[in-house]
Amino acid sequence: LFRSYGVSSSGQMVGYFVTVAGCGNCYGYTYPFSYKGGAFTALPEAPGSMPGTTFAYDVNTAGQIVGGYVDPCFCKAHAFLLSGGTFTTIDAPGAVSSGAYGINDSGTIVGSADTLGWGSGTGHGFRLSGGVFTTIMDPLAGSTTVAKGINNAGDVVGYYPAGARDHGFLLSGGVYTTIDVPNSVDTVIYGPGINSGGQIVGSYTDSRSEEHTSELQSLRHL
């Protein structure tokens with residue numbers, strides 16, 4: 001299984017692949033990769049990670065990659081930045097687990113921070129710029145907000161649960177805008193999710209429980 005996530009304006013793509021070799025009945029080992037100009041490159045695993053638990057989610061024009069990994073006890077997740085061959089672990093303040101899902105060309109990173117535990121569904125999104133963390137929490141969110149992508153203008157997209165469904169959101173100029181596909185049951189925006197032209201992509205589930213992927217919105221239409 002190969003899954004691509006982020007692509008830079010220079011055409012570099014990152015993602016991860018899964019292998020079950022030697023894994024018995026487990027879900028498989030996950031490894032990050034980069035693809036550019038027809039060349040596939042297996043990226044190194046994050047230092048200090050449990051083997052087979054490193055994910056790459058996004059890349060910018062400078063080749064900086066963000067993602068996440070799980071520690072050896074398989075009880076906590078960490079975000080990372082891979083730049084110039086060096087891994088830097090990113091743990092949001094006050095978070096039990098963190099994940100980084102988007103990075104723009106200025107090096108600003110967005111992600112999510114779980115405050116009650118890995119996969120707890122309780123926490124907030126974050127923006128990391130110049131070493132400073134900023135909390136991202138949609139005012140309409142129930143228990144958490146997940147920031148999934150950021151463009152070069154600094155616009156952030158992601159999703160949040162509220163009531164019985166998930167809602168997409170756009171954070172632009174300090175203003176949150178909910179993005180829900182008409183007649184959908186859930187709307188989710190995954191990273192990177194938004195380009196420099198303001199086009200937003202994601203997925204939604206219809207009333208028949210069928211999932212669809214499409215362009216959801218454009219900034220000029222909001």
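Biologist: Where does Ser-34 lie?

Modeller: In this predicted model, Ser-34 lies in strand 3, which covers residues 29–36.

Biologist: Is Ser-34 buried or exposed?

Modeller: Buried. Its relative accessibility is 9%, and the cut-off for buried is under 20%.

Biologist: Which side chain does Ser-34 make a polar contact with?

Modeller: Gln-12. The two side chains are joined by a polar contact of 2.9 Å.

Biologist: And what is Ser-34 in contact with, leaving aside neighbours within four places in sequence?

Modeller: Two stretches of the chain show up in that list. Gln-12, Met-13 and Val-14 are among the contacts. Ala-39, Phe-40, Thr-41 and Leu-43 are also in contact with Ser-34.

Biologist: What order do the strands of that sheet have?

Modeller: The order is 1-2-3-4, in an open sheet of four strands with antiparallel pairing. Strand 1 (2–7) and strand 4 (39–42) are the edge strands, and each pairs on one side only. From one strand to the next, the twist averages 30°.

Biologist: How many bridges join strand 1 to strand 2?

Modeller: Five. Strand 2 covers residues 13–19, and the two strands run antiparallel. Phe-2 stands opposite Phe-17 in strand 2.

Biologist: What holds paired strands together in general?

Modeller: Strands of a sheet pair through backbone hydrogen bonds, in either the parallel or the antiparallel sense.

Biologist: Switching topic. Which residues make up the largest nonpolar core?

Modeller: There are twelve residues in the largest nonpolar core. The aliphatic and aromatic members include Val-66, Leu-81, Ile-90, Ile-103, Ile-109, Phe-126 and Leu-128. Ala-79, Ala-92, Ala-95, Ala-100 and Ala-113 belong to this core too.

Biologist: Which elements give two or more residues to this core?

Modeller: Strand 7 (77–83), strand 9 (97–103), strand 10 (109–114) and strand 11 (123–129).

Biologist: Take Ala-100. What is it in contact with, again leaving aside neighbours within four places?

Modeller: Ala-100 is in contact with Val-66, Ala-79 and Ile-109, which are core members as well. Its other contacts are Tyr-57, Gly-67, Phe-80, Val-110 and Gly-111.

Biologist: On to charges. How many salt bridges does the structure hold?

Modeller: Three. One of them is between Arg-165 and Asp-180, with the closest N and O atoms 3.2 Å apart. That pair links distant parts of the chain, 15 residues apart. Arg-165 is in strand 15 (residues 165–172), and Asp-180 is in the loop between strand 16 (175–179) and strand 17 (184–188).

Biologist: Are Arg-165 and Asp-180 buried or exposed?

Modeller: Arg-165 counts as buried, because its relative accessibility is 17%. Asp-180 is at 32%, so it counts as partly exposed.

Biologist: Which residues does Arg-208 form salt bridges with?

Modeller: Asp-206 and Glu-210. The N to O distance is 3.7 Å for Asp-206 and Arg-208. For Arg-208 and Glu-210, the closest N and O atoms are 3.5 Å apart. These bridges share partners and join Asp-206, Arg-208 and Glu-210 into one network.

Biologist: Where in that network is it buried, and where exposed?

Modeller: Asp-206 is buried, with a relative accessible area of 10%. Arg-208 is exposed at 61%. Glu-210 is partly exposed at 36%.

Biologist: Back to strand 15. What sheet is it in?

Modeller: An open sheet of four strands, order 13-14-15-16, with antiparallel pairing. Strand 13 and strand 16 each have a single partner strand, so one side of each is left without a neighbour in the sheet. The twist averages 30° from one strand to the next.

Biologist: How many residues of strand 14 are buried?

Modeller: Six of its seven residues, so strand 14 (residues 156–162) is mostly covered.

Biologist: How many bridges pair strand 14 with strand 13, and with strand 15?

Modeller: Four with strand 13 (residues 146–150), and seven with strand 15. Ile-150 has Val-156 as its bridge partner. Ala-162 has Arg-165, the residue in strand 15.

Biologist: Which glycines have a positive phi in those hairpins?

Modeller: Gly-154 and Gly-163. Gly-154 has a phi of about 90° in the turn between strand 13 and strand 14, a hairpin with five residues between the strands. Gly-163 has a phi near 70° in the hairpin of strand 14 and strand 15, which has two residues between the strands.

Technical notes
Residues numbered from 1 in each chain as written. Predicted model: local features only at pLDDT ≥ 70, side-chain atom pairs only at ≥ 80, totals over all residues. Heavy atoms only, no water. Buried < 20%, exposed > 50% of the residue type's maximum accessible area, 1.4 Å probe, protein only. Polar contact = N/O pair within 3.5 Å; in protein donor to acceptor, adjacent residues only side chain to side chain. Contact = heavy atoms within 4.5 Å. Pairing = 2+ DSSP bridges. Axes fitted to C-alpha atoms, helices over the stretch in contact; angles between N-to-C directions. Core = buried A, V, L, I, M, F, W, Y, C linked by side-chain atoms within 4.5 Å. Salt bridge = Lys/Arg side-chain N within 4 Å of Asp/Glu carboxyl O.
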